[in-house]
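Trainee: I'd like to learn how to read a model like this one. Could you walk me through it?

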2 protein chains.
Amino acid sequence: MTRDTPQQRRRQLPTTEELRIWRDFIETTEALRSVLTSRLQSESALSPGDYSVLLALSEARDERMRSSELAAHIRWDRSRLSHHLGRMEKRALIRRDDCATDNRGAEIVLTPTGAEAFHRATVPHLRAVRELFVDALTPDQLATTGEVAATLRAHLRSSRDM
Amino acid sequence: MTRDTPQQRRRQLPTTEELRIWRDFIETTEALRSVLTSRLQSESALSPGDYSVLLALSEARDERMRSSELAAHIRWDRSRLSHHLGRMEKRALIRRDDCATDNRGAEIVLTPTGAEAFHRATVPHLRAVRELFVDALTPDQLATTGEVAATLRAHLRSSRDM
DNA sequence: GGCACATAATTGACATGTCAACCAGATGGG
DNA sequence: CCCATCTGGTTGACATGTCAATTATGTGCC
(Lines give C-alpha, C1' and ligand atoms only; values in the text may rest on other atoms or scores of the structure.)
Protein backbone atom coordinates (compact mmCIF):
# COMPACT_ATOMS: atom_id res chain seq x y z
CA MET A 1 0.00 0.00 0.00
CA THR A 2 1.34 3.38 -0.95
CA ARG A 3 0.94 6.00 1.77
CA ASP A 4 -0.42 9.34 0.71
CA THR A 5 2.05 12.18 0.96
CA PRO A 6 1.45 15.11 3.33
CA GLN A 7 0.32 17.22 0.36
CA GLN A 8 -2.29 14.69 -0.51
CA ARG A 9 -3.57 14.64 3.05
CA ARG A 10 -4.06 18.37 2.92
CA ARG A 11 -6.27 17.56 -0.07
CA GLN A 12 -4.39 19.62 -2.58
CA LEU A 13 -3.80 16.48 -4.59
CA PRO A 14 -6.01 13.44 -5.12
CA THR A 15 -5.57 10.57 -2.69
CA THR A 16 -4.32 7.27 -3.99
CA GLU A 17 -7.85 5.92 -4.08
CA GLU A 18 -9.21 8.96 -5.88
CA LEU A 19 -6.45 8.67 -8.40
CA ARG A 20 -7.24 5.01 -8.94
CA ILE A 21 -10.85 5.89 -9.70
CA TRP A 22 -9.76 8.64 -12.05
CA ARG A 23 -7.48 6.37 -14.01
CA ASP A 24 -10.11 3.67 -14.15
CA PHE A 25 -12.65 6.16 -15.35
CA ILE A 26 -10.53 7.72 -18.05
CA GLU A 27 -9.12 4.44 -19.35
CA THR A 28 -12.54 2.84 -19.44
CA THR A 29 -14.11 5.64 -21.42
CA GLU A 30 -11.14 5.44 -23.76
CA ALA A 31 -11.61 1.72 -24.25
CA LEU A 32 -15.35 2.12 -24.74
CA ARG A 33 -14.87 4.77 -27.35
CA SER A 34 -12.31 2.70 -29.15
CA VAL A 35 -14.53 -0.39 -29.34
CA LEU A 36 -17.50 1.62 -30.57
CA THR A 37 -15.30 3.32 -33.13
CA SER A 38 -14.04 0.09 -34.57
CA ARG A 39 -17.52 -1.42 -34.72
CA LEU A 40 -18.85 1.64 -36.50
CA GLN A 41 -15.92 1.51 -38.86
CA SER A 42 -16.30 -2.14 -39.75
CA GLU A 43 -20.09 -2.07 -40.02
CA SER A 44 -20.52 1.19 -41.91
CA ALA A 45 -17.12 2.49 -43.01
CA LEU A 46 -17.88 5.65 -41.03
CA SER A 47 -15.76 7.32 -38.37
CA PRO A 48 -17.38 8.82 -35.27
CA GLY A 49 -16.73 12.21 -36.81
CA ASP A 50 -18.57 11.22 -39.99
CA TYR A 51 -21.42 9.95 -37.85
CA SER A 52 -21.77 13.19 -35.88
CA VAL A 53 -21.82 15.28 -39.01
CA LEU A 54 -24.31 13.04 -40.78
CA LEU A 55 -26.55 12.88 -37.72
CA ALA A 56 -26.65 16.66 -37.42
CA LEU A 57 -27.35 17.12 -41.12
CA SER A 58 -30.04 14.49 -41.26
CA GLU A 59 -31.88 16.24 -38.44
CA ALA A 60 -31.46 19.68 -39.99
CA ARG A 61 -34.17 21.43 -41.96
CA ASP A 62 -33.81 20.42 -45.63
CA GLU A 63 -30.83 18.31 -44.59
CA ARG A 64 -28.57 21.34 -44.95
CA MET A 65 -26.87 23.68 -42.54
CA ARG A 66 -24.47 26.59 -42.50
CA SER A 67 -20.97 25.49 -41.69
CA SER A 68 -20.57 27.48 -38.45
CA GLU A 69 -24.00 26.45 -37.29
CA LEU A 70 -23.00 22.84 -37.81
CA ALA A 71 -19.72 23.39 -35.99
CA ALA A 72 -21.49 24.92 -33.00
CA HIS A 73 -24.08 22.16 -32.99
CA ILE A 74 -21.56 19.36 -32.73
CA ARG A 75 -19.13 21.48 -30.68
CA TRP A 76 -16.23 21.39 -33.13
CA ASP A 77 -14.08 24.31 -34.05
CA ARG A 78 -14.36 25.53 -37.59
CA SER A 79 -10.97 24.40 -38.69
CA ARG A 80 -11.55 20.85 -37.61
CA LEU A 81 -14.91 20.83 -39.32
CA SER A 82 -13.52 22.30 -42.51
CA HIS A 83 -10.82 19.62 -42.76
CA HIS A 84 -13.31 16.90 -42.01
CA LEU A 85 -15.83 18.19 -44.53
CA GLY A 86 -13.10 18.19 -47.15
CA ARG A 87 -12.56 14.49 -46.55
CA MET A 88 -16.28 13.76 -46.49
CA GLU A 89 -16.84 15.70 -49.67
CA LYS A 90 -14.24 13.60 -51.46
CA ARG A 91 -16.27 10.55 -50.48
CA ALA A 92 -19.47 12.27 -51.66
CA LEU A 93 -21.08 12.04 -48.22
CA ILE A 94 -21.81 15.77 -48.22
CA ARG A 95 -21.67 18.67 -50.65
CA ARG A 96 -20.77 22.34 -50.17
CA ASP A 97 -23.15 24.82 -51.77
CA ASP A 98 -22.63 28.56 -51.89
CA CYS A 99 -24.81 30.45 -49.50
CA ALA A 100 -27.41 32.72 -51.09
CA THR A 101 -27.52 35.28 -48.28
CA ASP A 102 -23.82 35.52 -47.44
CA ASN A 103 -21.23 35.20 -50.15
CA ARG A 104 -18.55 34.11 -47.71
CA GLY A 105 -20.66 31.31 -46.34
CA ALA A 106 -21.13 27.68 -47.25
CA GLU A 107 -24.17 25.51 -46.90
CA ILE A 108 -23.33 21.93 -46.07
CA VAL A 109 -25.77 19.57 -47.74
CA LEU A 110 -26.42 15.91 -47.06
CA THR A 111 -26.09 13.92 -50.29
CA PRO A 112 -28.12 10.78 -51.06
CA THR A 113 -24.93 8.78 -50.59
CA GLY A 114 -24.45 10.36 -47.18
CA ALA A 115 -28.05 9.80 -46.16
CA GLU A 116 -27.81 6.18 -47.22
CA ALA A 117 -24.58 5.61 -45.32
CA PHE A 118 -26.06 7.20 -42.21
CA HIS A 119 -29.20 5.08 -42.35
CA ARG A 120 -27.17 1.91 -42.71
CA ALA A 121 -25.01 2.93 -39.75
CA THR A 122 -27.55 4.08 -37.25
CA VAL A 123 -29.31 0.92 -36.05
CA PRO A 124 -26.16 -1.16 -35.54
CA HIS A 125 -24.52 1.77 -33.81
CA LEU A 126 -27.40 2.31 -31.42
CA ARG A 127 -27.50 -1.39 -30.75
CA ALA A 128 -23.83 -1.28 -29.84
CA VAL A 129 -24.41 1.64 -27.49
CA ARG A 130 -27.14 -0.34 -25.85
CA GLU A 131 -25.09 -3.48 -25.59
CA LEU A 132 -21.84 -1.94 -24.41
CA PHE A 133 -23.13 0.86 -22.21
CA VAL A 134 -26.80 0.75 -21.29
CA ASP A 135 -27.09 -2.99 -20.78
CA ALA A 136 -23.90 -3.15 -18.76
CA LEU A 137 -25.32 -0.97 -16.00
CA THR A 138 -28.18 -1.26 -13.56
CA PRO A 139 -30.89 1.40 -13.94
CA ASP A 140 -29.54 3.05 -10.80
CA GLN A 141 -26.01 3.10 -12.10
CA LEU A 142 -27.22 4.52 -15.38
CA ALA A 143 -29.15 7.29 -13.67
CA THR A 144 -26.20 8.18 -11.46
CA THR A 145 -23.93 8.21 -14.49
CA GLY A 146 -26.24 10.75 -16.08
CA GLU A 147 -26.09 12.92 -12.99
CA VAL A 148 -22.32 12.62 -12.78
CA ALA A 149 -21.97 13.69 -16.38
CA ALA A 150 -24.22 16.69 -15.84
CA THR A 151 -22.35 17.65 -12.68
CA LEU A 152 -18.95 17.37 -14.31
CA ARG A 153 -20.12 19.39 -17.26
CA ALA A 154 -21.49 22.16 -15.09
CA HIS A 155 -18.29 22.20 -13.06
CA LEU A 156 -16.19 22.37 -16.23
CA ARG A 157 -18.22 25.24 -17.57
CA SER A 158 -17.92 27.22 -14.37
CA SER A 159 -14.17 26.70 -14.11
CA ARG A 160 -13.71 27.69 -17.74
CA ASP A 161 -15.62 30.94 -17.26
CA MET A 162 -13.49 31.98 -14.33
CA MET B 1 -41.12 14.86 -26.22
CA THR B 2 -40.14 12.27 -28.78
CA ARG B 3 -41.95 8.96 -28.51
CA ASP B 4 -39.80 5.85 -28.58
CA THR B 5 -40.24 3.70 -31.65
CA PRO B 6 -41.61 0.15 -31.39
CA GLN B 7 -38.07 -1.18 -31.79
CA GLN B 8 -36.94 0.84 -28.83
CA ARG B 9 -39.84 -0.44 -26.77
CA ARG B 10 -38.76 -3.97 -27.49
CA ARG B 11 -35.47 -2.80 -25.98
CA GLN B 12 -33.32 -3.58 -28.96
CA LEU B 13 -32.32 0.05 -29.10
CA PRO B 14 -31.72 2.56 -26.33
CA THR B 15 -34.69 4.65 -25.27
CA THR B 16 -34.59 8.37 -25.80
CA GLU B 17 -33.63 8.90 -22.18
CA GLU B 18 -30.88 6.28 -22.28
CA LEU B 19 -29.53 7.86 -25.41
CA ARG B 20 -29.54 11.28 -23.77
CA ILE B 21 -27.47 9.90 -20.91
CA TRP B 22 -25.10 8.23 -23.32
CA ARG B 23 -24.51 11.41 -25.28
CA ASP B 24 -24.10 13.42 -22.13
CA PHE B 25 -21.62 10.90 -20.83
CA ILE B 26 -19.50 10.68 -23.93
CA GLU B 27 -19.46 14.40 -24.62
CA THR B 28 -18.59 15.19 -21.05
CA THR B 29 -15.65 12.81 -20.93
CA GLU B 30 -14.52 14.31 -24.22
CA ALA B 31 -14.71 17.83 -22.85
CA LEU B 32 -12.94 16.81 -19.66
CA ARG B 33 -10.12 15.18 -21.54
CA SER B 34 -9.76 18.17 -23.78
CA VAL B 35 -9.51 20.66 -20.91
CA LEU B 36 -6.97 18.51 -19.07
CA THR B 37 -4.98 18.11 -22.26
CA SER B 38 -4.74 21.81 -22.88
CA ARG B 39 -3.78 22.54 -19.29
CA LEU B 40 -1.07 19.91 -19.41
CA GLN B 41 0.11 21.33 -22.70
CA SER B 42 0.29 24.92 -21.55
CA GLU B 43 1.80 24.14 -18.15
CA SER B 44 4.36 21.56 -19.17
CA ALA B 45 4.54 21.34 -22.98
CA LEU B 46 3.64 17.67 -22.64
CA SER B 47 0.83 15.78 -24.38
CA PRO B 48 -1.19 13.17 -22.47
CA GLY B 49 0.74 10.57 -24.44
CA ASP B 50 4.04 12.00 -23.31
CA TYR B 51 2.75 12.02 -19.75
CA SER B 52 1.72 8.35 -19.82
CA VAL B 53 5.05 7.29 -21.19
CA LEU B 54 7.04 9.38 -18.74
CA LEU B 55 4.90 8.20 -15.82
CA ALA B 56 5.45 4.56 -16.71
CA LEU B 57 9.18 5.05 -17.18
CA SER B 58 9.65 7.00 -13.98
CA GLU B 59 8.00 4.19 -12.04
CA ALA B 60 10.02 1.50 -13.79
CA ARG B 61 13.08 -0.13 -12.29
CA ASP B 62 16.12 1.93 -13.31
CA GLU B 63 13.75 4.22 -15.19
CA ARG B 64 13.97 1.95 -18.21
CA MET B 65 11.69 -0.57 -19.81
CA ARG B 66 11.48 -2.81 -22.83
CA SER B 67 9.35 -1.32 -25.54
CA SER B 68 6.67 -4.02 -25.61
CA GLU B 69 6.50 -4.10 -21.86
CA LEU B 70 5.88 -0.37 -21.89
CA ALA B 71 3.26 -0.73 -24.60
CA ALA B 72 1.41 -3.39 -22.60
CA HIS B 73 1.66 -1.33 -19.43
CA ILE B 74 0.00 1.73 -20.90
CA ARG B 75 -2.23 -0.33 -23.21
CA TRP B 76 -0.94 1.03 -26.51
CA ASP B 77 -0.15 -1.03 -29.53
CA ARG B 78 3.47 -1.17 -30.49
CA SER B 79 3.13 0.83 -33.64
CA ARG B 80 1.58 3.75 -31.86
CA LEU B 81 4.23 3.59 -29.20
CA SER B 82 7.04 3.39 -31.72
CA HIS B 83 5.83 6.49 -33.54
CA HIS B 84 5.38 8.34 -30.29
CA LEU B 85 8.79 7.36 -28.99
CA GLY B 86 10.31 8.65 -32.20
CA ARG B 87 8.81 12.06 -31.51
CA MET B 88 9.81 11.96 -27.85
CA GLU B 89 13.33 10.93 -28.72
CA LYS B 90 13.68 13.95 -31.00
CA ARG B 91 12.81 16.12 -28.01
CA ALA B 92 15.30 14.19 -25.86
CA LEU B 93 12.62 13.10 -23.39
CA ILE B 94 13.63 9.47 -23.78
CA ARG B 95 16.43 7.47 -25.35
CA ARG B 96 16.44 4.09 -27.05
CA ASP B 97 19.20 1.74 -25.97
CA ASP B 98 19.93 -1.62 -27.51
CA CYS B 99 18.83 -4.50 -25.36
CA ALA B 100 21.61 -6.70 -24.00
CA THR B 101 19.59 -9.90 -23.84
CA ASP B 102 17.66 -9.63 -27.11
CA ASN B 103 19.23 -8.05 -30.14
CA ARG B 104 15.86 -7.27 -31.64
CA GLY B 105 14.72 -5.41 -28.60
CA ALA B 106 14.96 -1.84 -27.43
CA GLU B 107 15.18 -0.48 -23.94
CA ILE B 108 13.42 2.81 -23.52
CA VAL B 109 15.27 4.97 -21.06
CA LEU B 110 14.11 8.08 -19.26
CA THR B 111 16.56 10.91 -19.86
CA PRO B 112 17.28 13.65 -17.30
CA THR B 113 15.37 16.04 -19.56
CA GLY B 114 12.40 13.67 -19.54
CA ALA B 115 12.52 13.19 -15.80
CA GLU B 116 12.69 16.92 -15.27
CA ALA B 117 9.74 17.58 -17.58
CA PHE B 118 7.70 14.90 -15.85
CA HIS B 119 8.42 16.28 -12.40
CA ARG B 120 7.41 19.76 -13.47
CA ALA B 121 4.20 18.39 -14.96
CA THR B 122 2.98 16.07 -12.27
CA VAL B 123 1.79 18.31 -9.44
CA PRO B 124 -0.16 20.77 -11.62
CA HIS B 125 -1.67 17.86 -13.50
CA LEU B 126 -2.81 16.07 -10.37
CA ARG B 127 -4.18 19.31 -9.04
CA ALA B 128 -6.19 19.70 -12.22
CA VAL B 129 -7.55 16.16 -11.89
CA ARG B 130 -8.59 16.96 -8.38
CA GLU B 131 -10.16 20.25 -9.30
CA LEU B 132 -12.00 19.16 -12.44
CA PHE B 133 -12.99 15.63 -11.47
CA VAL B 134 -12.65 14.70 -7.81
CA ASP B 135 -13.83 17.99 -6.34
CA ALA B 136 -16.78 18.21 -8.70
CA LEU B 137 -18.37 15.06 -7.29
CA THR B 138 -19.74 14.03 -3.93
CA PRO B 139 -17.95 11.10 -2.28
CA ASP B 140 -20.93 8.92 -3.17
CA GLN B 141 -20.88 9.98 -6.78
CA LEU B 142 -17.16 9.36 -6.93
CA ALA B 143 -17.51 5.88 -5.51
CA THR B 144 -20.33 5.02 -7.90
CA THR B 145 -18.29 6.35 -10.79
CA GLY B 146 -15.53 3.95 -9.82
CA GLU B 147 -17.96 1.06 -9.77
CA VAL B 148 -19.47 2.07 -13.08
CA ALA B 149 -16.04 2.18 -14.66
CA ALA B 150 -15.16 -1.25 -13.33
CA THR B 151 -18.49 -2.67 -14.49
CA LEU B 152 -18.18 -1.21 -17.96
CA ARG B 153 -14.66 -2.49 -18.24
CA ALA B 154 -15.63 -6.02 -17.23
CA HIS B 155 -18.54 -5.95 -19.65
CA LEU B 156 -16.29 -4.74 -22.45
CA ARG B 157 -13.78 -7.47 -21.78
CA SER B 158 -16.43 -10.18 -21.79
CA SER B 159 -18.01 -8.95 -25.00
CA ARG B 160 -14.62 -8.78 -26.67
CA ASP B 161 -13.78 -12.35 -25.74
CA MET B 162 -16.98 -13.69 -27.23
C1' DG C 1 23.16 -26.87 -39.10
C1' DG C 2 19.15 -25.23 -41.28
C1' DC C 3 14.46 -24.24 -42.09
C1' DA C 4 9.67 -22.93 -40.55
C1' DC C 5 7.66 -20.05 -37.63
C1' DA C 6 7.05 -16.61 -33.86
C1' DT C 7 8.35 -12.19 -31.90
C1' DA C 8 10.28 -7.19 -31.35
C1' DA C 9 10.15 -3.24 -33.28
C1' DT C 10 9.99 0.05 -37.15
C1' DT C 11 8.11 1.99 -41.30
C1' DG C 12 4.88 4.06 -44.70
C1' DA C 13 0.54 5.54 -45.93
C1' DC C 14 -3.08 7.67 -44.55
C1' DA C 15 -7.10 9.60 -41.27
C1' DT C 16 -7.78 12.72 -37.74
C1' DG C 17 -6.91 16.99 -34.58
C1' DT C 18 -4.90 21.48 -33.24
C1' DC C 19 -3.00 25.93 -33.96
C1' DA C 20 -1.97 30.00 -36.21
C1' DA C 21 -2.05 32.43 -40.45
C1' DC C 22 -4.69 33.69 -44.15
C1' DC C 23 -8.33 35.31 -47.63
C1' DA C 24 -12.44 37.28 -48.81
C1' DG C 25 -16.73 39.24 -48.08
C1' DA C 26 -19.75 41.90 -44.50
C1' DT C 27 -20.44 46.00 -41.70
C1' DG C 28 -20.36 50.20 -39.16
C1' DG C 29 -18.48 54.86 -38.36
C1' DG C 30 -16.34 58.87 -40.23
C1' DC D 1 -17.84 56.47 -50.15
C1' DC D 2 -13.86 54.44 -47.64
C1' DC D 3 -11.37 52.42 -44.32
C1' DA D 4 -10.93 49.73 -40.06
C1' DT D 5 -12.53 45.88 -38.19
C1' DC D 6 -15.22 41.69 -37.71
C1' DT D 7 -16.74 37.30 -39.36
C1' DG D 8 -17.04 32.84 -42.18
C1' DG D 9 -14.39 29.73 -43.81
C1' DT D 10 -10.06 27.60 -45.70
C1' DT D 11 -5.24 26.40 -45.59
C1' DG D 12 -0.60 24.71 -44.14
C1' DA D 13 2.25 22.78 -40.86
C1' DC D 14 2.60 19.63 -37.80
C1' DA D 15 1.16 16.14 -33.77
C1' DT D 16 -1.27 12.08 -33.07
C1' DG D 17 -3.54 7.36 -34.21
C1' DT D 18 -4.48 3.17 -37.04
C1' DC D 19 -3.45 -0.42 -40.18
C1' DA D 20 -0.80 -3.35 -42.92
C1' DA D 21 3.66 -4.47 -44.51
C1' DT D 22 8.52 -4.98 -43.51
C1' DT D 23 12.98 -6.04 -41.21
C1' DA D 24 15.68 -8.42 -38.22
C1' DT D 25 16.25 -11.59 -34.76
C1' DG D 26 15.02 -15.49 -31.72
C1' DT D 27 13.34 -20.49 -31.15
C1' DG D 28 11.92 -25.16 -31.87
C1' DC D 29 12.30 -29.12 -34.45
C1' DC D 30 14.23 -32.24 -37.93
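**Reading the fold and the DNA surface**

Mentor: Sure, let's start with the secondary structure: chain A has seven helices and three strands. Keep in mind as we go that this is a predicted model.

Trainee: In what pattern do they follow one another along the sequence of chain A?

Mentor: Reading along the sequence, you get α-α-α-β-α-α-β-β-α-α for chain A.

Trainee: How do I read the radius of gyration of chain A against that of a compact globule?

Mentor: Set the value beside the one for a globule with the chain's number of residues. For 162 residues a compact globule would come out near 15 Å, whereas chain A has 20 Å. The box along the principal axes helps here too: the C-alpha atoms of chain A fill roughly 65 × 40 × 25 Å.

Trainee: And what percentage of the residues of chain A count as buried?

Mentor: That's 48% of the 162 residues. For the accessible surface of chain A, take about 9,100 Å², with 50% of that belonging to carbon and sulfur atoms. Contacts add another view: among those in chain A with a separation of 6 or more, 49% are between residues 24 or more positions apart.

Trainee: Let's try a single residue. Is A:Ser47 buried or exposed?

Mentor: Compare its relative accessibility with the cut-off: buried means under 20%. A:Ser47 has 19%, so it counts as buried. It sits in the loop between helix H2 (16-44) and helix H3 (48-59) of chain A. Beyond its neighbours within four places in sequence, A:Ser47 contacts A:Leu40, A:Gln41 and A:His84.

Trainee: Now the DNA. How many residues surround DNA strand C, and which are the closest?

Mentor: There are 20, and the closest are A:Ser79, B:Ser68, B:His83, B:Arg96 and B:Arg104. On the DNA side, sugar and phosphate make up 58% of the strand C atoms that come within 4 Å of the protein.

Trainee: Which atoms of DNA strand C should I look at for B:His83 and for A:Arg87?

Mentor: Ask whether the partner is a base or a phosphate. An N or O atom in the side chain of B:His83 is 2.6 Å from a base oxygen of DNA strand C. A:Arg87 instead places a polar side-chain atom 2.9 Å from a phosphate oxygen. With B:Ala106, a backbone N or O atom lies 2.9 Å from a phosphate oxygen of the strand.

Trainee: Which elements give two or more residues to that surface?

Mentor: Helix H5 (78-90) of chain A, plus helix H4 (67-74) and helix H5 (78-90) of chain B. H5(A) gives the largest share, five residues. By type, the surface near DNA strand C has one nonpolar, eleven polar and eight charged residues.

How values were computed: Residues numbered from 1 in each chain as written. Chains lettered and ligands numbered in written order. Predicted model: local features only at pLDDT ≥ 70, side-chain atom pairs only at ≥ 80, totals over all residues. Heavy atoms only, no water. Near = heavy atom within 4 Å. Polar contact = N/O pair within 3.5 Å; in protein donor to acceptor, adjacent residues only side chain to side chain. Helix = DSSP H or I, 4+ residues; strand = E, 2+ residues; numbered from the N terminus. Nonpolar A, V, L, I, M, F, W, Y, C, P; charged D, E, K, R; others polar. Rg over C-alpha atoms; globule rule 2.2 N^0.38 Å. Buried < 20%, exposed > 50% of the residue type's maximum accessible area, 1.4 Å probe, protein only. Contact = heavy atoms within 4.5 Å. Areas by Shrake-Rupley, 256 points an atom, 1.4 Å probe, with all protein chains shown as cover.
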